[in-house]
Every structure is written in C-alpha cells, then in structure tokens.
Amino acid sequence: MHFLKDINIKNNLIIITITIITFWGYLLFLKSPYFEIVSYWSQENPLKFVLYLFLFKIIGTIWPPLTGGLVTLGAIPFIGWINAYLIDFAGSIVAGIIDYHLGKKYGVWVLNKLFDRGVVDRILKIKVRKNREIETVFLYRVILGSTILEGIYYGSGVIGVTFRNFIIASVLSHMAFGIPQFYIVNNIMSMQNLLFSGILMILGIWLLIKLKNRHFDVLK
C-alpha cells in the first residue's frame, strides 16, 4: 500500500503554508496590544472562552477548511496547555463521533463533498482487517496527525470500522499525538525546557517512522 507515499504534495504544501502563516500571525498577535485584551476577556469570561474554543474545535473538525486545532493551541497562553489540550480532546472526540456517523450514513457522497478526489481514493483504498481495526485507525491518526484527520474520522464510518473500535482508537491516538504536541508548543511559547522538547520531537519522529514501516508490513 502506498497511502502515505502518495499523499498529494499540493495539499501538503497548502497545509504547511497555512500553518506557517497562522503561526507567524500568532507571534505578531502575542506582541500586539490585542493580546492583553483577549487575555483579560478570557479571565473575566472563562466559561464563554472555553465554550467558544470547544464549539470551534467541533466545527473545525466537521468542516475541514477550518483549523480548530490551531485555535486550541493558540489558547495555551490564556488557559494553560493542559486545559487547552482537554478542550481540544473533547471537541475532537465529539466531532469524530459526528463525522463517523455522517460517513456511515452518507458513504462516499459525504467524502466527495468535503475532500478532493485524491484524498477520497486513498481513504477508500484502506484495507482494514477485523482484528486490526483499532491498530489501523490509531496508526493512521497518529502518522497523519492533523493533515487529513477529518478524512480518517469520516472514512472510518465509510469503510465499516465498528464504532467501538473507532472510539477506542480515536481516544488513544489523540492522547498519543496531542499530549506531546501541546506540551512541546507550550514549552516553545514559554521558552522553557527547549532541549527536552527537542529530544521529545526527535523521538516522536523516530517512533512515527517505525510505526509507518510496521503498518505497511501489516497492511500491504
């Protein structure tokens, strides 16, 4: 199987470009007077702030053009990385459940409405053995990260992964990918534990390569 090898370069470049622009814009925001305004408002209205983040994460995962993950990462300076991660986790799982059932109900039609033909074809080429559903969803979720997360959520319903296994894999993979991500971003923002964060990133990349190779051996 060449699912990961054949990922559309154009889509990756678009995602990378959007991420870089967003990160650059966020750095400018941190140095602007608006940062203090948002910080003050979030402290005065914590429930509203959390609710907005939660809803945006859900909407951003159901409708792929939005980037809910970047918004929750951006909330780290206001509510801390643990709270930001928990909101991201809750929103991702709720949205994943919705995506799964939409994929199961509407099938390929909903994939064609949300993703380009190349992504849809790759999702439909995923071969899942009944005794490896959790492993398969987990690995694709971790290896692909946020590149086409929504495609994995919708696609799990389309290709017939059981709901129980989908939930287990989604929860475990989100923790495996999300906790280090939010921790590292927090350290970068606060300029703390940079050496440890760098080592963690290198170990993570090494682990992803190992998982990818093992995954190809299992499913090809």
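**Entry 1: Gly60 and helix H3**

I started with Gly60, which is buried, with a relative accessible area of 2%. I noted that the model is a predicted one. Gly60 sits in helix H3. I then took a distance to Val71, eleven residues away along the chain. The two C-alpha atoms are 9.5 Å apart.

Next I looked up Pro46, which also belongs to helix H3. Is Pro46 buried or partly exposed? I found a relative accessible area of 43%, so Pro46 is partly exposed. For buried, the value would have to be under 20%. I paired Pro46 with Phe78, 32 residues apart along the chain. Their C-alpha atoms are separated by 9.6 Å.

**Entry 2: H2 against H3**

I turned to the packing of two helices. H2 covers residues 33-44 and H3 covers residues 46-62. Their axes come within 5 Å. The crossing angle is roughly 105°. That angle makes H2 roughly perpendicular to H3, because 65 to 115 degrees is the range for that term.

Which residues of H2 meet H3? I listed Trp41, Ser42, Gln43 and Glu44 on the H2 side. On the H3 side I wrote down Pro46, Lys48, Phe49 and Tyr52. Sorted by class, this contact holds four nonpolar, two polar and two charged residues. Pro46 turns up here as one of the H3 residues that meet H2, and Pro46 is partly exposed.

**Entry 3: Asp88 in helix H6**

I moved on to helix H6, residues 81-106, and picked Asp88. Is this Asp88 buried or exposed? Its relative accessibility is 5%, so Asp88 counts as buried. The cut-off for buried is under 20%.

I then checked the partners of the Asp88 side chain. One polar contact goes to the side chain of Lys57, at 3.0 Å. Another, at 2.7 Å, goes to the side chain of Thr72. I also listed what Asp88 touches, leaving out residues up to four places away in sequence. The list reads Lys57, Gly69, Thr72, His174 and Phe182. Lys57 and Thr72 are therefore on the touch list as well as being polar partners of Asp88.

**Entry 4: Ala84 and Asn83, also in H6**

I looked up Ala84, which is found in helix H6. Ala84 has 1% relative accessibility and counts as buried. Apart from neighbours within four places in sequence, Ala84 is in contact with Thr72, Ile76, Ile79 and Phe182. Thr72 and Phe182 are also among the residues that Asp88 touches. From Ala84 to Val71 the C-alpha distance is 9.3 Å. Those two are 13 residues apart along the chain.

Asn83 is in helix H6 too. Where does Asn83 fall, buried or partly exposed? At 42% relative accessibility, Asn83 counts as partly exposed. I paired Asn83 with Phe182, 99 residues apart in sequence. In space, the C-alpha atoms are 10.0 Å apart.

**Entry 5: Glu133 in helix H9**

I went further along the chain to Glu133, in helix H9, residues 133-144. Glu133 has 3% relative accessibility, so Glu133 counts as buried. With which side chain does Glu133 make a polar contact? I found the side chain of Thr162, at 3.0 Å. Not counting residues up to four places away in sequence, Glu133 touches Val128, Gly160, Val161, Thr162 and Asn165. Thr162 is thus on the list of residues touched and is a polar partner of Glu133.

**Entry 6: The whole chain**

I closed with totals. How many helices and strands does the chain have? I counted twelve helices and zero strands. Read from the N terminus, each element in the run is α.

The chain has 220 residues, and buried residues make up 38% of them. Among those I had looked up, Gly60, Asp88, Ala84 and Glu133 are buried. Exposed area comes to about 12,400 Å². Carbon and sulfur atoms supply 70% of that area.

Last, I looked at contacts with a separation of 6 or more. Residues 24 or more positions apart account for 75% of these. The contact of Asp88 with Phe182 that I noted in Entry 3 joins residues far along the numbering.

Terms used
Residues numbered from 1 in each chain as written. Predicted model: local features only at pLDDT ≥ 70, side-chain atom pairs only at ≥ 80, totals over all residues. Heavy atoms only, no water. Helix = DSSP H or I, 4+ residues; strand = E, 2+ residues; numbered from the N terminus. Buried < 20%, exposed > 50% of the residue type's maximum accessible area, 1.4 Å probe, protein only. Contact = heavy atoms within 4.5 Å. Areas by Shrake-Rupley, 256 points an atom, 1.4 Å probe, with all protein chains shown as cover. Polar contact = N/O pair within 3.5 Å; in protein donor to acceptor, adjacent residues only side chain to side chain. Axes fitted to C-alpha atoms, helices over the stretch in contact; angles between N-to-C directions. Parallel < 35°, antiparallel > 145°, perpendicular 65-115°, else oblique. Nonpolar A, V, L, I, M, F, W, Y, C, P; charged D, E, K, R; others polar.
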